Amino acid sequence: MPYSEERITSTHRWSDKTFSFTTTRPEGLEFKNGQFVTLGLRPEGKLIPRAYSIVSEPEAEELEFLSIHVPDGALTSRLAQAGPGDSIWINTKVTGSLTFDYVQPGRTLYMLATGTGLAPFISLIRSPELFEHFDNAVLVHSVRTVEELAYREEIESLISNRLRYVPTVTRENHDFACPIAQQPYDNNQRGADMFRSGELSRILNLPPADPEHDRVMLCGNPAMNREMSEWLVEHGWTQTNYKGVGNFTVEQAFVTTMSDADD
């Protein structure tokens, strides 16, 4: 596959488990908001590749990524120690099922993420195209600890009456207030549970999620992706596949890098 040797240009640690980094951009690389590439390091000359969503917007000069740090992970343990100037190999082929092309336009787009599954959704909410496709957008980010709420300040700066943000922390007791609903909610719930119970739309004063009008994107640990996909299908939602564009889509490319990201 066509890998290009690039350089890490900056790193930022969000918590002891998560960090982001930027790299130089391979010449000629083009991508859409929400897509991913395969990147890796070459310790002892052997490439260790993994799939990573691109946080950056398509016109950005550099590429930005969000990663979990697994202490004994073949790639992430090394990547967490890398810094500016270090080499990184990036595949120039991009793909992914979390783009605006992968779900029908609709009323409200629900983006449900756990852990580092947030990455493609940061790219999507940075895009001016978001509200060309949807009337409203809801970003739900479920993590174990507050420190893992990566990009929280940037997301909050983008909140409006059309973009809602629901951070949930499953293993700490912290009270958050929903900036749009102007009321507190139980942030210890998982985002997927809130969606299924109807609590999510209720606290945001939105109509109940409806497959005829609304759309869902999923990116997170395999259990969440699987359970939500099964629930959506059972409740009349249609997943995008090779036969056509549906009303929900899920990214499954990150099993090796995200399986330990969140519960």
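This report describes the fold, the burial of residues and the salt bridges of one protein chain.

**Overall picture**

The structure is a predicted model. Its protein chain holds eight helices and 13 strands. Of the 263 residues in the chain, 54% are buried. The accessible surface of the chain comes to about 11500 Å², and carbon and sulfur atoms supply 46% of that area. Contacts between residues at least 6 apart in sequence were also examined, and 71% of them join residues at least 24 apart.

**The parallel sheet and helix α7**

Five strands make up an open sheet, in the order β9-β8-β7-β12-β13, with parallel pairing. The edges are taken by β9 (163-169) and β13 (248-250); each has a single partner strand, so one side of each is left without a neighbour in the sheet. From one strand to the next, the twist averages 10°.

At the β13 edge of the order, the partner is β12 (residues 215-219), and these two strands pair in the parallel sense over three bridges. Within this part of the sheet, Leu218 stands opposite Val250 in β13. Helix α7 (residues 222-234) lies across three of the strands, namely β7, β12 and β13. The direction of α7 is at about 160° to β12.

**Helix α2**

Is helix α2 enclosed or open to the outside? Seven of its eight residues are buried, so α2 is largely enclosed by the rest of the structure. The buried residues are Ala119, Pro120, Phe121, Ile122, Ser123, Leu124 and Ile125. Helix α2 spans residues 119-126 and also contains Arg126, a residue that returns below as a salt-bridge partner of Glu154.

**Salt bridges**

Side chains of opposite charge can pair when their charged atoms come close. A search of the whole structure finds eight salt bridges. Three of them, including their N to O distances, are set out here.

| Salt bridge | N to O distance |
|---|---|
| Lys32 and Asp101 | 2.5 Å |
| Arg126 and Glu154 | 2.7 Å |
| Arg196 and Asp193 | 2.5 Å |

The side chains of Lys32 and Asp101 meet in one of these bridges. Lys32 sits in the loop between β2 (18-23) and β3 (36-41), and Asp101 in the loop between β6 (87-91) and β7 (106-114), so the pair ties together parts that are 69 residues apart in sequence. Both partners are partly exposed: Lys32 has a relative accessible area of 44%, and Asp101 has one of 43%.

Arg126 forms a salt bridge with Glu154. Here two helices are involved: Arg126 belongs to α2 (residues 119-126) and Glu154 to α4 (residues 152-158), so the bridge ties together parts that are 28 residues apart in sequence. Glu154 is partly exposed, at a relative accessible area of 26%. The pair is also part of a network of salt bridges that links Glu64, Arg126 and Glu154.

The bridge between Arg196 and Asp193 lies within a single helix, α5 (residues 191-197). Its two residues are three apart in that helix, which means that about one helical turn separates them. Arg196 is partly exposed with a relative accessible area of 24%, and Asp193 is also partly exposed, at 30%.

**Two buried residues**

Thr99 and Ser201 each give a local view of the packing. Where is Thr99 found? This residue is in the loop between β6 and β7, which is also the loop that holds Asp101. Thr99 is buried, with a relative accessible area of 3%. Leaving aside residues up to four places away in sequence, Thr99 touches Lys32, Asn33, Gly34, Gln35 and Met217. Lys32 is thus a contact of Thr99 as well as the salt-bridge partner of Asp101. Met217 is 118 residues from Thr99 along the chain, and the C-alpha atoms of the two are separated by 9.2 Å.

Ser201 is found in helix α6 (residues 199-203). At a relative accessibility of 8%, Ser201 counts as buried; the cut-off for that class is under 20%. Which residues does Ser201 touch, not counting those up to four places away in sequence? They are Tyr110, Leu206, Pro207, Pro208 and Ala209.

Notes. Residues numbered from 1 in each chain as written. Predicted model: local features only at pLDDT ≥ 70, side-chain atom pairs only at ≥ 80, totals over all residues. Heavy atoms only, no water. Salt bridge = Lys/Arg side-chain N within 4 Å of Asp/Glu carboxyl O. Helix = DSSP H or I, 4+ residues; strand = E, 2+ residues; numbered from the N terminus. Buried < 20%, exposed > 50% of the residue type's maximum accessible area, 1.4 Å probe, protein only. Contact = heavy atoms within 4.5 Å. Areas by Shrake-Rupley, 256 points an atom, 1.4 Å probe, with all protein chains shown as cover. Pairing = 2+ DSSP bridges. Axes fitted to C-alpha atoms, helices over the stretch in contact; angles between N-to-C directions.
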